[in-house]
Amino acid sequence: MPTYPAVADLLLPANESLLASSPTDAVAAEVRAGLTSTPKTLSPWLFYDENGSRLFEQITELPEYYLTRVERDLFALYAGEIIERAAEPLGDDLSPMLTLIELGAGTATKTGILLAAAVRRQKAVVYQPVDVSETALAEATENIRANVPGVTVRCQVADYTTQALPLNRLTDTRTLALYIGSSIGNFSPEDARDVLRNLRAQLLPGDKLLLGTDLAPGKSKSVAQLLAAYNDASGTTAAFNRNVLVRLNRELGADFNPEAFDHEARWNPSESRIEMHLVSRISQQVHIPANSAGPALTLQFARGETIHTENSYKFTPVRVQQLLQSAGFELSFSWENSEHAFAVSLATAI
């Protein structure tokens, strides 16, 4: 193990930030495109206003929502091994220090386990969370600084699917990009490949990606278990789904009645995905005033018509490997829980 620089020499200033405002114009444009299409859709990134982010954090603690719990358990068991494998020498690159960047970081509740392992290895770490929710990033920063000494946090509010990432490289460091929580499952196979290609374009050969993926139903995991994770008994996921309509009312002046829409989760076996929908309970009209995206809209909803708000694709190990290869990564190692419900895969940028 090499001798590392002193913490004061290594760390970037703790109060530096790369925050940028997320424009309401983007919300207006996304809503117009989605709600004037057939069938009607809304992009899942619209979920994550302040209340939506809070509701999602509640979802991750629900007994039905196994994804977060299982991934956290994997990190608790294997964080040290993950960090050591991510820092393995490549050629003359002798045991480099790691800088961690996280896509869709949220409040980083699980990430602290990996950061703590990285600090144990190299005494100090720069952590760069990227998310569309400034509220979530503020909470992540507070959480990490309070609980993992030795971490400098530099955050960016951004759409990581298309925008450049804040890769603040220090001398002789390797980037470990975290894309955990099975967030990649929210994208179609083509879009998932493009998201990872966008990331790969900003990495150097030898940099690493840690990818979390929820696995498809099988012998140890039933469709009923999967559906319950997206339709909990407490109604928290239903509130999370409807909250997108509350956001549109607040930010765009729309007049949705959220209670006039039912939350519905469906398993689509041919696409290997969970779908979330908002189902109109009645025949109704919804109005959205003119905005930067265009003139006023009057939307007609038939009884039973849906707004498709989210997909969550479920993977096989073979599909994970194929996805990584298509985006310019080589699978290095993977970890699964004993029930084969969830996988964490480490890949190398090639």
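Two strands are taken to pair if DSSP finds at least two bridges between them, and in this predicted model that criterion places strand β12 (residues 306-313) beside two partners. With strand β9 (residues 273-280), β12 runs antiparallel, the two being joined by seven bridges; within this pairing, Ile274 stands opposite Ser312 of β12. With strand β1 (residues 40-41), by contrast, β12 pairs in the parallel sense over two bridges, and here Lys40 has Ile307 of β12 as its bridge partner. Eight of the eight residues of β12 are buried, so the strand is largely enclosed by the rest of the structure.

Strand β12 is also among the elements that meet helix α2. This helix, which spans residues 24-35 and has twelve residues, reaches 16 Å from its first C-alpha to its last, close to the 16 Å expected at 1.5 Å a residue. The buried residues of α2 are Val27, Ala28, Val31, Arg32, Gly34 and Leu35, and these pack against β1, α9 (236-252), β10 (284-288), β11 (297-301) and β12.

In soluble globular proteins, nonpolar side chains tend to be buried together. The largest nonpolar core of the model has 71 residues, and those with the most contacts inside this core are Val31, Leu42, Tyr127, Leu176, Leu210, Phe256 and Ile307. Helix α4 (residues 66-86) gives the most to this core, contributing nine residues. Val31, already noted among the buried residues of α2, and Ile307, the bridge partner of Lys40, thus both appear in the list of residues with the most contacts in the core. For Leu176, another residue of that list, the contacts beyond its neighbours within four places in sequence are with Ile83, Ala86, Leu98, Thr99, Leu100, Ile101, Lys208, Leu209, Leu210 and Leu346. A second core, separate from the largest one, consists of 26 residues and includes Tyr160, Ile184, Phe187 and Val195.

Ile184 is in turn one of the residues in contact with Gly212, a residue located in strand β7 (residues 208-214). Gly212 is buried, its relative accessible area being 0%. Once its neighbours within four places in sequence are left aside, Gly212 is in contact with Glu71, Tyr179, Ile180, Gly181, Ser182, Ile184, Phe342, Ala343 and Val344. Phe329 lies 117 residues from Gly212 along the chain, and the C-alpha atoms of these two residues are separated by 15 Å.

Technical notes
Residues numbered from 1 in each chain as written. Predicted model: local features only at pLDDT ≥ 70, side-chain atom pairs only at ≥ 80, totals over all residues. Heavy atoms only, no water. Buried < 20%, exposed > 50% of the residue type's maximum accessible area, 1.4 Å probe, protein only. Helix = DSSP H or I, 4+ residues; strand = E, 2+ residues; numbered from the N terminus. Expected span 1.5 Å × (residues − 1). Contact = heavy atoms within 4.5 Å. Core = buried A, V, L, I, M, F, W, Y, C linked by side-chain atoms within 4.5 Å.
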